[in-house]
Every structure is written in structure tokens, then in C-alpha cells.
Amino acid sequence: VKQGGGNHLVFFSPEMDDEYRYKRQLSGALRHAMDENALELHYQPQCNAHSSKIIGFEALLRWHHPELGQVPPSRFIPIAEETGLINPLGEWVMRKACEEAVTWTNPLGIAVNLSAVQLQNLDLAQTVAGILDETGLAPERLELEITETALIHNASRSRKILTEIKALGVRIAMDDFGTGYSSLATLQNFPVDRIKIDQSFIARLMASEQAVAIVRAVINLGRDLKLEVIAEGVETEDQVAFLTANDCDAVQGYKFGHPRPIADYQTTVSGTAVA
Ligand code: C2E
Ligand code: CA
Ligand code: CA
Ligand code: CA
């Protein structure tokens, strides 16, 4: 028996030994990739739902391992969170995204994902302020995407940190909205600018009356609370038609563009501002 993460007692078995070793190895390789500049950001467009014009991008981390190939974030982010590597990694992502965005002549928005673990750092707002200062990015262009689950874990600390970040002029989006336990309470208790309707609801839109009702309700809620609403995982024309008919503000998904290196969106970022 050994003391595992948290307060749980973990029974040691050869399989877990393997899993532990696997995680250590992957985490080590990830740290190495970070030091070697072998990580990359891909950018996915966020569009005005009515005009389809690109209004910003979400930065998504990509890791190509020399032997394992492309390792998806769903695999390495949880491990980075367990080992604490997410702190320097998250900072790297934010700095990289800001450095990149500041070179665009079209001053589009840039959304960066924030892990629950980063949100436990009392000096997070200072870190964000430092990055804005170093890169010269206008704070209003930066948006931090946070899941509701991340917020309710140590809620008072999260609220304090988010309030400081908002005071810098940075925007806050609630990611994966509707998948946590207390979405509505979270909206009331945290300074949020934008709701991202989780892609699971969008995926079921054409097949489920419940999904239709939920998506409509979230859009109406956003309107009443004066929060912007963006739908993620939009893949089909039917979904777009539903979302625009119901007056959703913005859309993101393969229908409007896959996450790609920024070079692939060069004409957009070097254009001039759009409405
Ligand atoms: P997320 O923040 O909810 O990001 C949306 C995910 O949906 C991305 O997966 C994106 O590629 C994918 N996606 C976009 N459009 C569509 C679509 O039309 N259909 C479908 N089926 N999927 C779509 P990705 O890039 O694999 O990232 C997965 C998750 O990993 C993200 O979910 C986020 O939680 C995490 N992640 C990615 N980059 C970062 C990062 O820099 N920092 C942190 N903390 N987490 C990250
Ligand atoms: Ca996100
Ligand atoms: Ca999401
Ligand atoms: Ca997600």
C-alpha cells in the first residue's frame, strides 16, 4: 500500500506500477518537448453566427512526439495536471498565444484554456498581467476559458483570482457550459462574459428534443443576463440554421474551420477589423 494523490490509499499492483511509470515518462517527455520548443499551438476560428465572419480564435495545444506521434491533449493535459507541469505549460501557452496574436494586423480575439490547477495559484492574475505587459497585447483581446468544474473547486479562491483577472480587462468564458452540476449558480457567482454551450448539446441538437430545449434556454439565459453565447462543436448546416434562428451570438466548430497552424489563417489575421 502506498500513499497516492489526494488522501486516497492506493493498492500497489504491477499494473499500477506500469501506469505510474507511464505517466512519469509521458510527463518527462512533455517537459522535454516544452524545453525543446516541440509544442505548437493550433488556432480554431470563432465566428459571428449571423455573418460567419471570424471574430477570434481559440488556441489549442498540440504535441507531436517523435515516437508516439500526435498525442491528443485529452491524454496529456490530465497528466500535466497531476504532475504540476500544467503550471509552466499553461503559462507557455498563454505567452505563445499572446505573442502570436499581437503580430496580427487584424485585432481579433484570442481565447486560451485555463486548467483548474492554474486557477489555484494566488499569483495567477500577476502572471497574466506580466504576459500582457511583456507581449503588449491589449487585454480586451484575451479571453480565458474556464470550465465550471474548475470554478467550483475552491470557489472563494477562484472568485478572488477571476475578479483580479477581470480587473485587468481580460474576458472570461465559461467552457463546456451545462455539463457541470451547478451551471446556473456558477453564472451568478463568477464574473463571466461569455458562455460556451458544450459541444455534446450541439451534437444532439437534430436528434433530441431535450437538447433543443436546453440550447434554446441557454441562449435566452445569455440574452437576459447580457452574456455572449457561443456554441462549440458546430459541424452541420442544420445546426447553424438552428443556432442563427435562435439568435446565438457566435459559433465554433469544424463547419467554420478546424484547429490549424496560424499560417493557414494568414489572410484573416492580416486583414482589417471585421464586425
Ligand atoms: P475544449 O477546450 O472543450 O476544446 C474543444 C475541443 O473540441 C478541441 O479538441 C477541438 O479540436 C474540438 N473541436 C472543435 N470543433 C469541433 C467539432 O466541430 N466537432 C468535434 N467533434 N470536435 C471539435 P482538442 O484540441 O483535442 O482539445 C481537447 C481538450 O483539451 C480541450 O477541450 C481542452 O479542455 C484541452 N486543451 C487543449 N489545449 C489546451 C491548453 O492549452 N490548456 C489546457 N488547460 N487545456 C487544453
Ligand atoms: Ca475551450
Ligand atoms: Ca469546450
Ligand atoms: Ca471539453
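**Exercise 1. Surroundings of a core residue**

Leaving aside its neighbours within four places in sequence, which residues is Ile110 in contact with? Place this residue within the nonpolar core of the predicted model.

*Solution.* Step 1: list the contacts. Beyond four places in sequence, Ile110 is in contact with Tyr43, Phe57, Ala59, Ala97, Ala101, Trp104, Leu137, Arg141, Leu142 and Glu143.

Step 2: turn to the core. The largest nonpolar core has 76 residues, and Ile110, Leu142 and Leu243 touch the most other members. Helix α3, residues 86-101, gives the most to this core, with eight residues.

**Exercise 2. The calcium ion (ligand 2)**

Identify the protein donors of the calcium ion (ligand 2) and determine how they are spread over the chain.

*Solution.* Step 1: name the donors. They are Glu58 (OE), Asn113 (OD1), Glu145 (OE) and Asp175 (OD), lying 2.1 to 2.4 Å from the ion.

Step 2: read the spacing. Along the chain, these donors follow E-x54-N-x31-E-x29-D. Because Glu58 lies in strand β4 and Glu145 in strand β7, the pair ties together parts that are 87 residues apart in sequence.

Step 3: classify burial, for which the cut-off is under 20% relative accessible area. Glu58, at 4% relative accessibility, counts as buried. Glu145 is buried as well, with a relative accessible area of 1%.

**Exercise 3. The calcium ion (ligand 3)**

Describe the coordination of the calcium ion (ligand 3) and establish which residue coordinates both this ion and the calcium ion (ligand 2).

*Solution.* Step 1: name the donors. Asp175 (OD), Asp176 (OD) and Glu232, which is listed with OE twice, coordinate the calcium ion (ligand 3) at 2.2 to 2.7 Å. In sequence, the donor residues are spaced D-D-x55-E.

Step 2: locate the distant pair. Asp176 in strand β8 and Glu232 in strand β10 (residues 228-232) are 56 residues apart, and the pair links distant parts of the chain.

Step 3: compare accessibility. Asp176 is partly exposed, at a relative accessible area of 24%, whereas Glu232 counts as buried at 7%.

Step 4: relate the two ions. They are 4.0 Å apart, and Asp175 coordinates both.

**Exercise 4. The largest pocket**

Characterise the lining of the largest pocket and state which residues are closest to its centre.

*Solution.* Step 1: the volume. The pocket holds about 1,000 Å³ of space.

Step 2: the centre. Of 39 lining residues, Glu58, Leu60, Pro73, Asn113 and Asp175 are the closest to it. Among these, Glu58, Asn113 and Asp175 are also donors of the calcium ion (ligand 2).

Step 3: the composition. The lining has 18 nonpolar, 13 polar and eight charged residues. Elements that each supply at least two lining residues include β4 (54-65), α2 (73-83), α3 and β8 (171-177).

Note on methods: Residues are numbered from 1 along each chain as its sequence is written. Chains are lettered from A and ligands numbered from 1 in the order in which they are written. This is a predicted model: local features need pLDDT of at least 70, side-chain atom pairs count only at pLDDT 80 or more; totals for chains, interfaces and linings use all residues. Side-chain values use heavy atoms; hydrogens and water are left out. A nonpolar core is a set of buried Ala, Val, Leu, Ile, Met, Phe, Trp, Tyr and Cys residues joined through side-chain atoms within 4.5 Å. Buried means under 20% relative accessible area, exposed over 50%, partly exposed in between (1.4 Å probe, protein chains only). Helices (H or I, at least four residues) and strands (E, at least two) are DSSP runs, numbered from the N terminus. Contact means heavy atoms within 4.5 Å. On a 1 Å grid over the protein atoms alone, a cavity is a set of points where a 1.4 Å probe fits but cannot get out, and a pocket is an open set with protein on both sides within 12 Å along at least five of seven lines; lining residues have an atom within 4 Å of a point. Grid points are joined across faces, edges and corners, and a volume is the space filled by probe spheres set on the points. Ala, Val, Leu, Ile, Met, Phe, Trp, Tyr, Cys and Pro count as nonpolar, Asp, Glu, Lys and Arg as charged, and the others, Gly among them, as polar. Donors are N, O and S atoms within 2.8 Å of the metal (3.2 Å for Na, K and Ca); water is not among the atoms, so sites may look incomplete.
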